[in-house]
Amino acid sequence: MKKEKVLQTIMDVGLVAVVRAESADVAIRTAEACMEGGVAALEIAFTTPGTPKVLETLAARFNKGEILLGAGTVLDPETARIAILSGAQYLISPSLNPETARLSNRYRVPYMPGASTIRDIVEALELGVDVIKLFPGELAGPIAIKAIHGPLPQAQIMPTGGVDAGNVGEWIRAGAVAVGVGGALVGGAKTGDWASITATAKLLLARIGEARSANKA
């Protein structure tokens, strides 16, 4: 899938499920539960044991584009290349790494690095980053997006960390193009409560839709 399509799909749906699974089987079950809830993008963090194998397994399982498969906690270009070869369609990191940005541009794979300061956001934009992950989101709060958009209205922001069904609407109304949600969405995987993941995904997406409608009013 082309870079522009990947980015547009993420922004259209507005939700990335952040997964730190114990195995490929758990990751697959989590992906299926997210899909049932309408989530279109999954991020497998490189803190997951055997992440390349998990990515390969998921890429083979969902080879018809049922869900976008991304890699998270990508800290350097070496990890980025492994992720791409393992089937990742986009890359997410807690911080900006210029070499990783250049590699991503080389292969036309979306790269969404974390940033928490104007300086980091400007550098990311200069390196061709399309969507910037505001991280840690819980330390900044929705008001940070409005502050960022004062001098940088062109910055497309995706907060991650501290986002849940209770505050996701605030983030969207503040101007987030999408949100990344981890434990608040996929926490049920630890106990095999797949139904809770599906239900939470539906709730998050409903509230994202409501907030977007309010922004248009």
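Residues are called buried when their relative accessible area is under 20%, exposed when it is over 50% and partly exposed in between, as evaluated with a 1.4 Å probe on protein chains only. The structure is a predicted model, for which local features need pLDDT of at least 70 and side-chain atom pairs count only at pLDDT 80 or more, whereas totals for chains, interfaces and linings use all residues. Residues are numbered from 1 along each chain as its sequence is written, and side-chain values use heavy atoms, with hydrogens and water left out.

Secondary structure elements are DSSP runs numbered from the N terminus, with helices (H or I) of at least four residues and strands (E) of at least two. Gly209 is found in helix H11, which spans residues 194-216, and counts as partly exposed at 30% relative accessibility. The C-alpha atom of Gly209 is separated by 8.5 Å from that of Gly169, a residue 40 positions away along the chain. In helix H1 (residues 3-13), the buried residues are Lys3, Val6, Leu7, Thr9, Ile10 and Met11; H1 is followed by Gly14, whose phi is positive, near 90 degrees.

Salt bridges were identified as a side-chain nitrogen of Lys or Arg within 4 Å of a carboxyl oxygen of Asp or Glu, and a search of the whole structure finds 4 of them. Lys3 forms a salt bridge with Asp130, in which the closest N and O atoms are 3.2 Å apart. Because Lys3 lies in helix H1 and Asp130 in the loop between helix H6 (118-126) and strand E6 (132-134), the pair ties together parts that are 127 residues apart in sequence. Of these partners, Lys3 counts as buried at 11% relative accessibility, while Asp130 counts as partly exposed at 32%. Helix H1 also carries Glu4, which forms a salt bridge with Arg108 at 2.6 Å between the closest N and O atoms. This pair links distant parts of the chain, since Arg108 is in the loop between H5 and strand E5 (111-115), 104 residues apart from Glu4. Glu4 is partly exposed, with a relative accessible area of 46%, and Arg108 is likewise partly exposed, with 44%.

A further salt bridge is formed by Glu32 and Arg61, with the closest N and O atoms 2.8 Å apart. Glu32 lies in helix H2 and Arg61 in helix H3 (residues 51-61), so the pair ties together parts that are 29 residues apart in sequence. Salt bridges that share partners join Arg29, Glu32 and Arg61 into one network. Within this network, Glu32 counts as partly exposed at 23% relative accessibility, and Arg61 is partly exposed with a relative accessible area of 38%.

Charges over aromatic rings were assigned where NZ of Lys or CZ of Arg is within 6 Å of the ring centre and within 35 degrees of the ring normal. Arg81 lies over the face of Tyr107, at 4.1 Å from the ring centre, and Lys133 lies over the face of Phe135, at 4.6 Å from the ring centre. Phe135 is also joined to Pro136 by a cis peptide bond, with omega about -5 degrees, and Pro136 lies in the loop between E6 and helix H7 (137-140).

Most residues other than glycine have a negative phi, and most peptide bonds are trans. Against this background, Thr73 has a positive phi, near 55 degrees; Thr73 lies in the loop between strand E3 (68-72) and helix H4 (77-85) and is buried, with a relative accessible area of 19%. Arg108, the partner of Glu4 in a salt bridge, also has a positive phi near 55 degrees.

Voids were sought on a 1 Å grid over the protein atoms alone, a cavity being a set of points where a 1.4 Å probe fits but cannot get out, and a pocket an open set with protein on both sides within 12 Å along at least five of seven lines; lining residues have an atom within 4 Å of a point. The largest pocket has a volume of about 250 Å³ and is lined by 13 residues, of which Arg20, Ala21, Val186, Ala189 and Lys190 lie nearest its centre. Strand E1 (15-19), helix H2 (24-36) and helix H10 (183-186) each supply at least two residues of this lining. The search finds 1 cavity of 30 Å³ or more; among the residues lining the largest cavity are Lys3 and Asp130, and helix H5 (residues 98-107) gives the most to that lining, with 3 residues.

Notes:
Points joined across faces, edges and corners; volume = space filled by probe spheres on them.
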